[in-house]
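This report reads one model from a single side chain outward, moving from a loop residue to the strands beside it and then to the ring pairs and the overall fold.

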Amino acid sequence: AYVNGISSPAIGSGGIDDNIPICQGFYVHSTGATSLSAQESNKTGGNPTFLRQNPNNTNTISTQAPELVRLYLDGLSYHDETVLYLQNNATDGFDFEFDSYKLAGGDLLAPAISLQHDTNNFQINGIAPITSNYSTPLKAITGYSGNYTITAYGFASFPPGACITLYDTYTGITTDLRNSSYSFTLSDTTLTARFTLNITIK
């Protein structure tokens with residue numbers, strides 16, 4: 001996913017920027033009845049990173065995203081992520097200029113992690129800058145029951161005193177994601193947001 005300069009996965013880790021590589025399929029989210037056409041003049045030179053990487057390809061693009069945290073879900077040889085970032089004028093709900101919906105991949109049973117607000121599940125969610133406390137449901141689901149781990153990554157852009165914790169509503173365990181990951185057992189019958197992500201800016 002890519003929106004407002006934020007890529008998920010990160011650019012250089014399988015993500016893209018605003019230049020879509022040749023022979024790559026993509027979806028465009030429209031907020032109304034419209035049409036989309038690409039002209040020859042839309043093409044650009046260069047060699048953008050491909051979504052499906054050749055292991056011998058050394059082409060990477062490096063950017064520093066503003067105040068964000070990536071949340072990884074890993075287990076049973078699967079990997080997924082969701083991204084929360086701070087953006088002026090953003091809301092907690094869906095903002096078409098700042099957010100990206102979570103879409104299912106080719107394996108509909110594969111584990112997936114997403115930020116949630118009301119009925120919206122986000123791959124990328126921009127929210128207004130946090131001045132004190134912020135909490136949001138975090139949804140982790142899978143079609144394959146087993147052991148999984150949630151890890152926070154890329155939060156160095158947050159203020160040094162920011163507290164980022166994960167609360168497991170099933171076990172009552174709170175984890176400081178700045179200092180450790182959280183491992184747990186996830187069932188294929190879990191359909192709702194089991195976790196709460198809490199961020200406190202001091």
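In this predicted model, the side chain of serine 8 makes a polar contact with the side chain of glutamine 123 at 2.6 Å, and it makes another with the side chain of glutamate 81 at 2.8 Å. Serine 8 itself is placed in the loop between β2 (6–7) and β3. Is this loop residue buried or exposed? With a relative accessibility of 2%, serine 8 counts as buried, because the cut-off for that class is under 20% relative accessible area. Leaving aside residues up to four places away in sequence, serine 8 touches Ala1, Arg70, Glu81, Val83, Gln123 and Ile124.

**Strand β3 and its partners**

Two of the residues touched by serine 8, Arg70 and Glu81, also appear in the pairing of the strands described here. Strand β3 covers residues 68–75 and is mostly covered, with seven of its eight residues buried. Which strands does β3 pair with, and how many bridges join them? The table sets out the two pairings, together with one pair of opposite residues for each.

| Partner of β3 | Residues of partner | Bridges | Direction | Residues that stand opposite |
|---|---|---|---|---|
| β4 | 78–86 | eight | antiparallel | tyrosine 72 (β3) and glutamate 81 (β4) |
| β9 | 146–153 | five | antiparallel | arginine 70 (β3) and tyrosine 153 (β9) |

Glutamate 81 thus has two roles in this description: it stands opposite tyrosine 72, and its side chain is in polar contact with that of serine 8. The hairpin formed by β3 and β4 has two residues between the strands, and in this hairpin leucine 76 takes a positive phi near 55 degrees.

**Aromatic pairs**

A search of the whole structure finds seven aromatic pairs. In one of them, the ring centres of tyrosine 78 and tyrosine 144 are 5.6 Å apart and the planes lie at 15 degrees, so the pair is stacked. Since tyrosine 78 belongs to strand β4 while tyrosine 144 sits in the loop between β8 (133–141) and β9, the pair ties together parts that are 66 residues apart in sequence. Tyrosine 78 counts as partly exposed at 28% relative accessibility, and tyrosine 144 likewise counts as partly exposed at 28%.

The rings of tyrosine 182 and phenylalanine 195 have their centres 6.2 Å apart, with planes at 80 degrees, so this pair is edge-to-face. The pair links distant parts of the chain, 13 residues apart, with tyrosine 182 in strand β12 (residues 182–186) and phenylalanine 195 in strand β13 (residues 195–200). Tyrosine 182 counts as buried at 7% relative accessibility, and phenylalanine 195 counts as buried at 1%. Elsewhere, ring pairs link Phe94, Tyr101 and Phe122 into a cluster.

**The protein as a whole**

How many helices and strands does the protein have? There are zero helices and 13 strands, so the elements from the N terminus on form an unbroken run of β. Of the 202 residues of the protein, 40% count as buried. Among contacts in the protein with a separation of 6 or more, 70% come from residues 24 or more positions apart. The accessible surface of the protein comes to about 11400 Å², and 51% of that surface belongs to carbon and sulfur atoms.

How values were computed:
Residues are numbered from 1 along each chain as its sequence is written. Side-chain values use heavy atoms; hydrogens and water are left out. Buried means under 20% relative accessible area, exposed over 50%, partly exposed in between (1.4 Å probe, protein chains only). Helices (H or I, at least four residues) and strands (E, at least two) are DSSP runs, numbered from the N terminus. Two strands pair if DSSP finds at least two bridges between them. A polar contact is a pair of N or O atoms within 3.5 Å; within protein, one must be able to donate a hydrogen and the other to accept it, and residues adjacent in sequence count only if both atoms are side-chain atoms. Contact means heavy atoms within 4.5 Å. Accessible areas come from the Shrake-Rupley method with a 1.4 Å probe; for residues, only the protein chains shown count as cover. Rings of Phe, Tyr and Trp (its six-membered ring) pair if their centres lie within 6.5 Å; planes under 30 degrees apart count as stacked, over 60 as edge-to-face and the rest as tilted.
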